[in-house]
Amino acid sequence: MSLSITLRPYTSTDFEFLWSTIDSRIAWLTCKGLEGQWGAEPWDSEIKEQLRSRLVEDARRGGFNWIAEVDGQLAGFFQMTPFRPDYLPLLKTDDKPGEELYLRLLVVHTDFGGRGLGEFMLRFAKRFAGERKVDWVRMDCWKGVPGEGKDGLVRYYEGKGFTRVHDFVVPAERLKRVTEYAGHLLEWKVVEV
């Protein structure tokens, strides 16, 4: 049975859905032993308000936010911006000049996991980038624990055409977390459509 997936612009009335989606993913990640990505506890009200404000500010600065619906039900969210997140350290990409769009957040509610929704949103993001004639789609991705087989997120994005560029570490205090955030900068070379 095929799904009827549609994308539409995010509005502020979608925020509570986005927040519940993040909560559902934190619980799922914790059950899988992957709490290094977003922590083991639901995010608090301070983080909630920071995210709400950030989405508005990012849109004001030229970011794009979308909601995915499956058969009319809210199912996922993703964001692309023409700028990198401010928490990332400076990462050398001078050897690959050109304009970039940054895939800032892509999340699927656990009720819709495993149905190809993430892949659908990625295909749209790549097409969107091609239409804007940017050169690169870049994103940061939690590194996971490769030696323990807990690097599935990186392998997922590599399977969708992204390649690893640089490793990075964001100190815990920079993100107001208990532990540091170790990740990879990933990129995909845009093919114009």
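This is a short talk about charged residues and one helix pair in a protein model.

Okay, hi everyone. Before anything else, keep in mind that this is a predicted model.

Let's start with the two helices, H1 and H2. H1 covers residues 15–31 and H2 covers residues 45–60. They pack with their axes 11 Å apart, at an angle of about 130 degrees. So how are they oriented to each other, then? Angles over 145 degrees would count as roughly antiparallel, and 65 to 115 as roughly perpendicular, so this pair is oblique. The crossing of H1 and H2 is right-handed.

Which residues meet there? From H1 you've got Phe-15, Glu-16, Leu-18, Trp-19 and Ile-22, and from H2 there's Ile-47, Lys-48, Leu-51, Arg-52 and Leu-55. Hang on to Glu-16, Lys-48 and Arg-52, because together with Glu-49 they are linked in a network of salt bridges.

Now, salt bridges in general. How many are there in the whole structure? The search finds 17, and I'll walk you through a few.

One of them sits inside H2. Arg-60 pairs with Glu-57, and their closest N and O atoms are 2.4 Å apart. These two residues are 3 apart in helix H2, which is about one turn. Arg-60 is exposed, at 61% relative accessible area, while Glu-57 is partly exposed at 33%.

Next up, Asp-135 and Lys-189, with closest N and O atoms 3.9 Å apart. This salt bridge links distant parts of the chain: Asp-135 is in the loop between helix H3 and E5, Lys-189 is in strand E7, and 54 residues separate them. Both are partly exposed, Asp-135 at 24% and Lys-189 at 43%.

Then there's Asp-167 with Lys-143, at 3.5 Å from N to O. Asp-167 lies in strand E6 and Lys-143 in the loop between E5 and helix H4, so this salt bridge ties together parts that are 24 residues apart in sequence. Asp-167 comes out partly exposed at 49%, and Lys-143 is partly exposed too, at 25%.

Last one, and here we have a charged residue without a partner. Asp-140 is in strand E5, residues 136–142. Is Asp-140 buried or exposed? Buried, and it has no salt bridge. Arg-104 is the nearest side chain of opposite charge, and it is 5.9 Å away. A salt bridge needs the atoms within 4 Å, so Arg-104 doesn't make the cut. What is Asp-140 in contact with, leaving aside neighbours within four places in sequence? Pro-85, Tyr-87, Leu-88, Tyr-102, Phe-168, Tyr-181 and His-184.

That's it from me, thanks!

Notes: Residues are numbered from 1 along each chain as its sequence is written. This is a predicted model: local features need pLDDT of at least 70, side-chain atom pairs count only at pLDDT 80 or more; totals for chains, interfaces and linings use all residues. Side-chain values use heavy atoms; hydrogens and water are left out. Helices (H or I, at least four residues) and strands (E, at least two) are DSSP runs, numbered from the N terminus. Buried means under 20% relative accessible area, exposed over 50%, partly exposed in between (1.4 Å probe, protein chains only). Lys and Arg count as positive and Asp and Glu as negative; His and the chain ends are not counted. Contact means heavy atoms within 4.5 Å. Axes are lines fitted to C-alpha atoms, for helices over the stretch in contact, and angles run from 0 to 180 degrees between N-to-C directions. Angles under 35 degrees count as roughly parallel, over 145 as roughly antiparallel, 65 to 115 as roughly perpendicular and the rest as oblique. A crossing is left-handed if the near helix is turned anticlockwise from the far one by less than a right angle, and right-handed if clockwise.
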